[in-house]
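I sat down with this chain to look up its surface patches, its charge pairing and one helix. My entries follow.

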Amino acid sequence: MMNFFYNLDIARAGQIGFQDPATPIMEGIIDLHHNIFYYLIIITALVMWMLRQILVEFNYRWDFPKTEKDIKERNNYLLLNNIAHGTWLEIIWTLTPSIILMLIAIPSFALLYSIDELIDPAITLKVIGHQWYWSYEYSDYNDIINDSEINFDSYMLNVDDLNVGDLRLLEVDNPIVLPINTHVRVIVTATDVLHSWAVPSLGVKVDAVPGRLNQLSLFLKREGTFYGQCSEICGVNHGFMPIVVKGVKLEDYLDWLKSKI
């Protein structure tokens with residue numbers, strides 16, 4: 001019950017819902033889940049009612065007839081069994097699932113389109129997966145003349161290096177810093193084996209494939225520290241490749257850039 005009082009930007013013990021969304025994409029994913037769950041509840045209730053009718057009306061009353069009506073229905077079984085078609089029933093149970101699928105498909109296609117859409121990014125972040133750490137490059141700020149660039153490796157912190165309140169297996173030495181309310185393009189690749197760059201609160205999970213560039217867009221709507229992990233089995237230390245993304249105000253982001261350049 002205490003989960004309701006936390007800011008769920010990380011997974012917590014006993015949590016059964018989503019982490020708090022920080023991007024429009026994650027908000028859309030949660031809304032789509034809730035919409036589909038509405039239909040799921042209706043379908044589950046209908047199926048359970050049908051099972052009850054089958055077990056009680058056709059099984060129990062067949063084996064243990066108690067009233068004259070039960071006995072009469074049992075005697076008329078052969079007559080009822082010859083009914084092979086129910087036109088309206090067949091039309092209903094064919095059209096109803098089709099309509100439900102259409103109601104689910106329309107918002108699904110809209111969400112898929114919005115996930116793939118890239119809106120004039122102001123910042124480009126390159127993510128490179130290694131065994132077993134991440135590298136990040138802010139290629140927009142590379143200065144060839146002065147030979148300066150912003151790139152760094154991000155390793156998981158050992159237990160001995162954690163401070164009070166830090167999260168075991170999730171903290172890194174160099175987190176990503178991104179400004180809020182800014183369109184960001186993220187290019188993901190790898191140098192050795194398959195990895196997957198995944199941050200649940202941001203609604204992103206993209207494979208890092210050697211020799212290939214995958215692309216996604218981010219738009220952080222609020223400040224916070226968002227945690228993720230490699231989500232593709234990539235070797236013995238697969239479980240020790242955490243991801244930390246810090247969403248900050250634009251002014252704080254510019255100050256961070258100055259410290260890196």
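Entry 1, valine 47. I began in helix α1, residues 24-63, where valine 47 lies. Helices here are DSSP runs of H or I with at least four residues, strands are E runs of at least two, and both are numbered from the N terminus. Valine 47 counts as partly exposed because its relative accessibility is 40%. My cut-offs: buried is under 20% relative accessible area, exposed is over 50%, and partly exposed is in between, with a 1.4 Å probe and protein chains only.

Ground rules. This is a predicted model, so I take local features only at pLDDT of at least 70 and side-chain atom pairs only at pLDDT 80 or more, while totals for chains, interfaces and linings use all residues. Residues are numbered from 1 along each chain as its sequence is written, and side-chain values use heavy atoms, with hydrogens and water left out.

Entry 2, nonpolar patch. Which residues join valine 47 at the surface? I found Ile43, Met48, Leu51 and Ile54, and with Val47 they make a nonpolar patch of about 430 Å². Patch members have over 30% relative accessible area and no salt bridge; nonpolar side chains (Val, Leu, Ile, Met, Phe, Trp, Tyr) are joined within 5 Å, like charges within 9 Å. Areas come from the Shrake-Rupley method with a 1.4 Å probe.

Entry 3, salt bridge. I required a side-chain nitrogen of Lys or Arg within 4 Å of a carboxyl oxygen of Asp or Glu. That rule gave me one salt bridge. Lysine 221 pairs with glutamate 27, and their closest N and O atoms are 3.2 Å apart. The partners are 194 residues apart: lysine 221 sits in the loop between β8 (214-219) and β9 (224-230), glutamate 27 in helix α1. Lysine 221 is partly exposed at 39% relative accessibility. Glutamate 27 is also partly exposed, at 28%.

Entry 4, helix α5. What is buried in α5? I noted Tyr253, Trp256 and Leu257. Down the helix axis, the buried residues of α5 fall within an arc of 105°, so they line one face. The arc is taken from the directions from the axis to the C-beta atoms. The face turned away from the buried side carries exposed Glu251, Lys258 and Ser259.

Entry 5, negative patch. Glu251 turned up again, in a negative surface patch with Glu223, Asp252 and Asp255. Asp and Glu count as negative here, each placed at CG of Asp or CD of Glu. Aspartate 255 is in α5, residues 250-260, and is partly exposed at 46% relative accessibility.
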